[in-house]
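Colleague: I'd love a close look at one part of this model: the largest pocket and the helix packing around the chain that goes with it. Take your time and walk me through it as a connected story.

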Amino acid sequence: VETIERVLTFPLPVFAAVRGRCLGGGFELIQAADVVVAGEGASFGQPEILLGVTAPIACVLLPRRVAAGVAAELLFTGDPLPARRALETGLVQRVVPDAQVDTEALALAARCARLSGAALRATKRTLLATAGHPPPDALREAATLYVNELMETYDAREGLNAFLEKREPSWGHR
């Protein structure tokens, strides 16, 4: 649970790259990631039910990534989900040829690394703080975090000034 919590609450985006079978604890681990890139040959599953036990972490995280019925089917049957179906359900964000999985995941991470660290942290914090809340409560929480935290950062001021001055921002990541 500690490892999953650390991945889930890591202050910056976490990208996962999956090739082959991703089952049990490995599948629970990628459920805590923000973005998942899968190879065409990848498959995902929680086979614990076949052993007469459950997957407690997946019971919490999986319904947050996919529709409740998809989560229930995976947890109740233990059947694996092929990569293309995982993409259709929203479990993974990209499916690429197996040989390109690492390159694609690293390219996405590099794209984010060029952005404001302060804005990335604020986005991650807002996503975590508002998940599962009714929209009116989530909107209020998101607005509070935006005004009281993000707009107090150097990067927010720098980004807006750069936009107004029609120049590239120089991020301080703070």
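Which helix gives the most to the lining of the largest pocket, and with how many residues?

Modeller: Happy to! One thing to keep in mind is that this is a predicted model. The helix you are after is α7, which gives the most to the lining of the largest pocket, with five residues. Helix α3 also takes part, as α3 and α7 each supply at least two residues of that lining.

Let's look at the pocket itself. About 510 Å³ of space lies in it, and 21 residues line it. Nearest its centre are L8, A33, D34, L127 and L128. Of these, L127 and L128 fall within α7, which covers residues 117–130. By class, the lining has 13 nonpolar, four polar and four charged residues.

Now follow α7 to its partner. It packs against helix α8 (residues 135–148) at an angle of about 155°, with the two axes 9 Å apart. Angles over 145 degrees count as roughly antiparallel, so α7 is roughly antiparallel to α8. The crossing of this pair is right-handed. On the α7 side the contact is made by R125, T126, A129 and T130, and these meet A138, E141, A142 and L145 of α8. The contact residues come out as four nonpolar, two polar and two charged.

The other helix named in the pocket lining, α3 (residues 56–65), has two helix contacts to visit. Take α4 (residues 68–77) to begin with: its axis and that of α3 come within 8 Å and cross at roughly 150°. That angle makes α3 roughly antiparallel to α4. Here A58, C59, L62 and P63 of α3 make contact with A71, L74 and L75 of α4. By class there are seven nonpolar residues in this contact, with no polar and no charged ones. The α3 and α4 crossing is right-handed.

On to α2 (residues 24–31). Its axis and that of α3 come within 9 Å and cross at roughly 40°, which makes α2 oblique to α3. This crossing is left-handed. From α2, the residues F27, E28, I30 and Q31 meet P56, I57, A58, L61, L62 and R65 of α3. That contact holds seven nonpolar, one polar and two charged residues. If you compare the lists, A58 and L62 of α3 appear in the contact with α4 and in the contact with α2.

One more stop, linked through α4. The model has one cavity of 30 Å³ or more, and the volume of the largest cavity is about 30 Å³. Its lining is made up of Q46, E48, I49, V53, T54, A55 and L75. L75 is a residue we have already met, in the contact of α4 with α3. By class, the cavity lining has four nonpolar residues, two polar and one charged.

So, to return to your question, start from α7 when you view the pocket, with its five lining residues, and then turn to α3, which supplies at least two.

Conventions
Residues numbered from 1 in each chain as written. Predicted model: local features only at pLDDT ≥ 70, side-chain atom pairs only at ≥ 80, totals over all residues. Heavy atoms only, no water. Axes fitted to C-alpha atoms, helices over the stretch in contact; angles between N-to-C directions. Helix = DSSP H or I, 4+ residues; strand = E, 2+ residues; numbered from the N terminus. Parallel < 35°, antiparallel > 145°, perpendicular 65-115°, else oblique. Left-handed = near helix turned anticlockwise from the far one by under 90°. Contact = heavy atoms within 4.5 Å. Nonpolar A, V, L, I, M, F, W, Y, C, P; charged D, E, K, R; others polar. 1 Å grid on protein atoms, 1.4 Å probe; cavity = no way out; pocket = protein on both sides within 12 Å on 5 of 7 lines; lining within 4 Å. Points joined across faces, edges and corners; volume = space filled by probe spheres on them.
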